[in-house]
Amino acid sequence: MAETRRKAILISPESCIGCRGCQTACKAWNQLPGQKTGDPANFQNPPDLAPTAFNLIRYIEMPGDAGQLRWLFVSRRCMHCGDAGCMKICTAPGALSRTKEGAVVYDQDKCIGCKLCSASCPFDVPRFDGRDKVVKCHQCHDRTAEGFLPACAKTCPTGAIRFGDRGELIATAKKAGYEKLYGETDLEGLGTLYAFRETPKTYGMIENPAVPESVVFWHRVLKPLSVIGTGAAVALSLIHYIAVPPKRDEEVKRDD
Amino acid sequence: MTNHWLDLKNAKVLLIEGSNCAENHSMSMKWIMKAKENGAVIIHVDPRFTRTSKVADIYACIRPGTDIAFLNAIINHILGNRLYDEAFVKLHTNALYLLRKDFRFDGGLFSGYVEADLKYDNASWGYQLDPRTRKPLKAQGLDDPDCVFSRLKDFYKRYTFKVGSDISGVPQETIRKIADTLVKNRPGTILYALGMTQHTTGVQNIRSFGILQMLLGNMGKPGTGINALRGEPNVQGSTDFALLFNVLPGYLAYPNHNEPTLKDWSKGSGTFRAKFMVNLLKAWFGDAAIAGNDFGYAWLPKKNGKKNYSIFRIFESALEGRMKMLYVMGQNPMVTNPNLGLVQEALGKLDTLVVADLFMTETAAFWEKPGTDPKSINTEVIFLPAASFLEKEGTITNSGRLVQWRYTMIPPTGESKSDLDMIDLIFRRVRDLYADSKAEKDQVFKRVVWNYPKRNAYEAVLMEINGTNLRTGEPIKGIAELQADGSTSSGCWIYAGVFKEGKNLSKRRNNKLDPSGLGMYQEFAWSWPGNMKILYNRASCDAQGRPFDKKNAVIWWDEAEKKWAGHDTPDVLNPAEGPDKPSGQRPFRMTGEGVARLIAAPYKDPDPNIADLFRDASSVPADGPIPEFYEPVESPTGNILHPKVAVNPCVKYPRIKSGQPVGTVKDYPYVLCTSSIAEHWCSGSMTRNISWQNEMVPESYVEISGQLAGKLGVSNGQRVRVWSARGEVVVPAMVTKRMRTLDVNGTEVFVVWMPYNWGFKGLSQAASTNLITIDAGDPNTWIQETKACLVNMAKAEGR
């Protein structure tokens, strides 16, 4: 990818105050309805990404120094991977594409609802609406194309969510003392970067994210066949069987 | 705020106490995090580990209602170890002033206590005065036993770290660490909100902040001050314009029954403020207001000076059958008032209730509350649909006194109208109804100037607030232009100058010009008074007018130009009068003394021009000149300092015989603290009707520690019954590590917390927390003690 033009979102959990202005701003811009959430006794609501929730703050409690409590707030959303598993596996031409800013966006009219993108995402991001069409964070490409900030970054009071030139964001974070950013090089660079003081695991993120081998196999070998159009349905069901991993991502389980 | 939002970034330490600013003033964090990035230390003192505590470097878990014990221990440490800013204290406070020899504090009471009235006669708290000039006598040094500083030191001696810790539950070493951090890092600022004020010692809590900051020299400079974080929808603006019963616009005292003439009023308020009263009367009564008729002062209704007209008394008067009609706008007391059972009963005693709001609120629908038989209520309720903030224009004043114009985005929906349109229509109708009356009492409707144009009505009101030079017809340029002879008008003297030279300065949006780099942005909107960003900024300079901190200078005396100059409007009476003039040495010019008051002595500054009147009087809290610790009205423990005077001796509670029971620790062993959350605002009448907000926090709950949950046999999410002497609610329990068990006076105290934002209307409905809170009030402000009361809890049956 041409790094010069690529934009990204930089998330700094140390600066996040967990106000969830980002969640509301996302819903307001994307006109997503509020969902009924059941459990008022949990801070994290909605509990996970949903067709109506493109981003959310994850609340992680842990013991801190000297008997003190430590509370981490981590914004979760689509990572807009440079090497995007979802795009690799997608069989519907144009359903998933990359903007010139680097965001992975979707076209619901072209989505066939096979859900392979969900299975091939190392971060368990894509969700499907009532018509089984893919939905997720699209980095507010309809705003950024016009020179506006994504809704979440615009509303964030502390700069915990910043949007900008990817290279510049990395340089700024390094200046602020972060040696290596999460997503700096993983998967050919993520479009959602994280400034972590400690291991990604501390913040509930998987170490060394990778696209499942089966997806890579599909991309290299089987996808070209299906595009030819012969036995596409057979190929699809085969691929679904191969590609959907038997276990879900461990990061999702952590919040239960 | 003495300072302003952007200025928070200039602090090296931020003490956040009684505020959960990350959740309830999230935008403050923009500047707080900038300070943190620059190495500032954040201290958070709160009964609960909140989203604010998450970003704090030091967190102290405190028992609700014990802030004075905690702060006094810090102050005592500073006094006892000479850690104060001696130059600042000597120059800019009353430290050297001599107090009367009969001033005493003994057994929890200051001298002059009148038990029958629950009041103080505060004469003995005053200064020794020069018999000729009536000015206070001053000591040579801080060690004079009669000077304010010595008496202060004596008073604070009782507050050791151990005493502070035993009462507050904050470990001694944490108090010491916080004290040392405040001393070592200057400039330092303090942020607070309702967590400090909603107590029966609310005013004294803030006085503690004042004393602490004066001792540290943290006032008038960038990154210092005492900063009240006020409610977003114009709480600052509405208090500026007489939201409270005891003030007129610009904090002029509301006239009492025993002040029939303007001169009588001036005897209580001083000649300095009398000038602004004349300007207010000219703004309201126009040509009808002349010197010969006291500028129409007599036409103002007078209140009974002995009575309390606070929100509590509104409902209690209704209950007593002495209030017939209530008009509620911008408020939802059926959710936000404490002891809600009493409020509902009171509303049912009214003949007529008018509610103007965006949604059918719990107040408007009080007769629909579950369990109520509407047939038993005879109150006629009139609901007026109100326009939202997006559907009207006008100014909003933020906590930093910044007055900003907001524009109409969309026209009002349906039949809704803006508040101004509603009031305008009602006033004109009432005036028409009195048009033929010959009775003198009704003439006021004809005399008052009320002809706002249909178009730009809001700007016409702001113009009236700014005022006019009646000789030239030009808008008033600033406070200094206002005259006491009726030749000028101003509807709110502190806003004089917002319409300078006919330009509405609240519309300015220059966000580039900040030559100081301190975040002053002098041409972005306009701050009262006189576009001043940092109040008391004269205190940032020494006696010669040189900044104490040259690097962060805000103002200074420019000897060459012979004027006060700088990056801010200098807080001096006359910018051309330098340090060699008396007015050049009054950094706290709104007090009679002209300096800050470590001990709040009653003092009236003689007016050199008018023999029998004084210029200005210093405000004295009703409940003492120095903050003393008293337990909340409902407390889990005795007062270890003075067991016989456990509670603030000026608090009268219960005020009425029925409906205000007080619980004891035997029946109600847990301390309840209440507040708001980021996701819902205040009574929730707006936010509980937004599904996005309800998704994040779907209903009310009670936050409890794991230990208490274990004791009650309750697990996370299970429903519990929470009840007090006044009522009960059933809500889910949120079991967290964020709530802790405190060690208070050697015993275990469990604190629980609930948000107060719910009621029985709207898209998200839940029991109102205020059914169980206490409606005891601070004797100065009558604010409710919703931060500390006693409750009991049990697992809810069959749920």
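In what order do the five strands of the open sheet in chain B follow one another? The order is β3-β2-β1-β8-β9, and the strands pair in a parallel manner. The model described here is predicted.

## Confidence of the model

Two scores describe the model as a whole: ipTM is 0.94 and pTM is 0.95. For chain B, pLDDT averages 96, and 100% of the residues in this chain reach 70 or more. Where pLDDT is low, predicted coordinates should not be read in detail.

## The parallel sheet of chain B

The open sheet of chain B is bounded by two edge strands, β3 (58-61) and β9 (226-228), each of which pairs on one side only. From one strand to the next, the twist averages 15 degrees.

Within this sheet, β1 (residues 13-17) of chain B runs parallel to β8(B), and four bridges join the two strands. One position in this pairing can be located by residue: Ile16(B) stands opposite Leu191(B), which belongs to β8(B).

## Domains of chain B

Three domains are assigned to chain B. Domain 1 covers 5-228, domain 2 consists of the segments 311-392 and 410-433, and domain 3 covers 651-795. Between domain 2 and domain 3 of chain B, the contact involves 21 residues of the former and 27 residues of the latter. On the domain 2 side of this contact, α14 (311-319), α15 (333-336) and α16 (340-347) of chain B each provide at least two residues. The composition of that side is 11 nonpolar, six polar and four charged residues. Taken over C-alpha atoms, the centres of domain 2 and domain 3 of chain B are 25 Å apart.

## A hairpin in chain B

Strands β15 (residues 394-397) and β16 (residues 402-406) of chain B run antiparallel and are joined by four bridges. Together, β15(B) and β16(B) form a hairpin in which four residues lie between the strands. In the pairing, Ile396(B) stands opposite Gln404(B) of β16(B). The turn contains Arg401(B), whose phi is positive at about 65 degrees.

## The contact between the chains

How many residues does each chain bring to the contact between chain A and chain B? Chain B contributes 30 residues and chain A contributes 26 residues. On the chain B side, five elements each supply at least two residues: α1 (21-24), α2 (28-37), α3 (51-55), α20 (691-696) and β27 (728-736). The largest share comes from α20(B), which provides five residues. Sorted by class, the side of chain B that touches chain A holds 16 nonpolar, five polar and nine charged residues.

## Overall make-up of chain A

Chain A contains nine helices and nine strands. Of its 256 residues, 45% count as buried. Among the contacts in chain A with a separation of 6 or more, 64% are between residues 24 or more positions apart.

## Backbone features in the loops

Most residues other than glycine have a negative phi, and most peptide bonds are trans. Several loop positions in this model depart from these patterns. Each chain provides an example of a cis peptide bond before a proline. In chain A, such a bond joins Asn45(A) and Pro46(A), with omega about -5 degrees. Pro46(A) is located in the loop that connects α1 (21-30) and β2 (56-63) of chain A. In chain B, Arg186(B) and Pro187(B) are joined by a cis peptide bond with omega about 5 degrees. Pro187(B) is located in the loop between α8 (172-184) and β8 (188-192) of chain B.

Positive phi values also occur in loops. His80(A), a residue other than glycine, has a phi near 50 degrees, and it lies between β3 (69-76) and α2 (85-89) of chain A. Is His80(A) buried or exposed? His80(A) counts as buried because 31 other C-beta atoms lie within 10 Å, where the cut-off is 20 or more. Arg134(B), which is not a glycine either, has a positive phi of about 65 degrees. Arg134(B) lies in the loop between β7 (119-120) and α6 (148-156) of chain B. Arg134(B) counts as partly exposed because it has 13 C-beta neighbours inside 10 Å, and a residue is exposed only at 12 or fewer.

Methods. Residues are numbered from 1 along each chain as its sequence is written. Chains are lettered from A and ligands numbered from 1 in the order in which they are written. This is a predicted model: local features need pLDDT of at least 70, side-chain atom pairs count only at pLDDT 80 or more; totals for chains, interfaces and linings use all residues. Domain bounds come from an automatic or database domain assignment. Two residues are in contact if their C-beta atoms, placed from the backbone, lie within 7 Å. Ala, Val, Leu, Ile, Met, Phe, Trp, Tyr, Cys and Pro count as nonpolar, Asp, Glu, Lys and Arg as charged, and the others, Gly among them, as polar. Two strands pair if DSSP finds at least two bridges between them. pLDDT is the predictor's confidence in each residue, from 0 to 100. Axes are lines fitted to C-alpha atoms, for helices over the stretch in contact, and angles run from 0 to 180 degrees between N-to-C directions.
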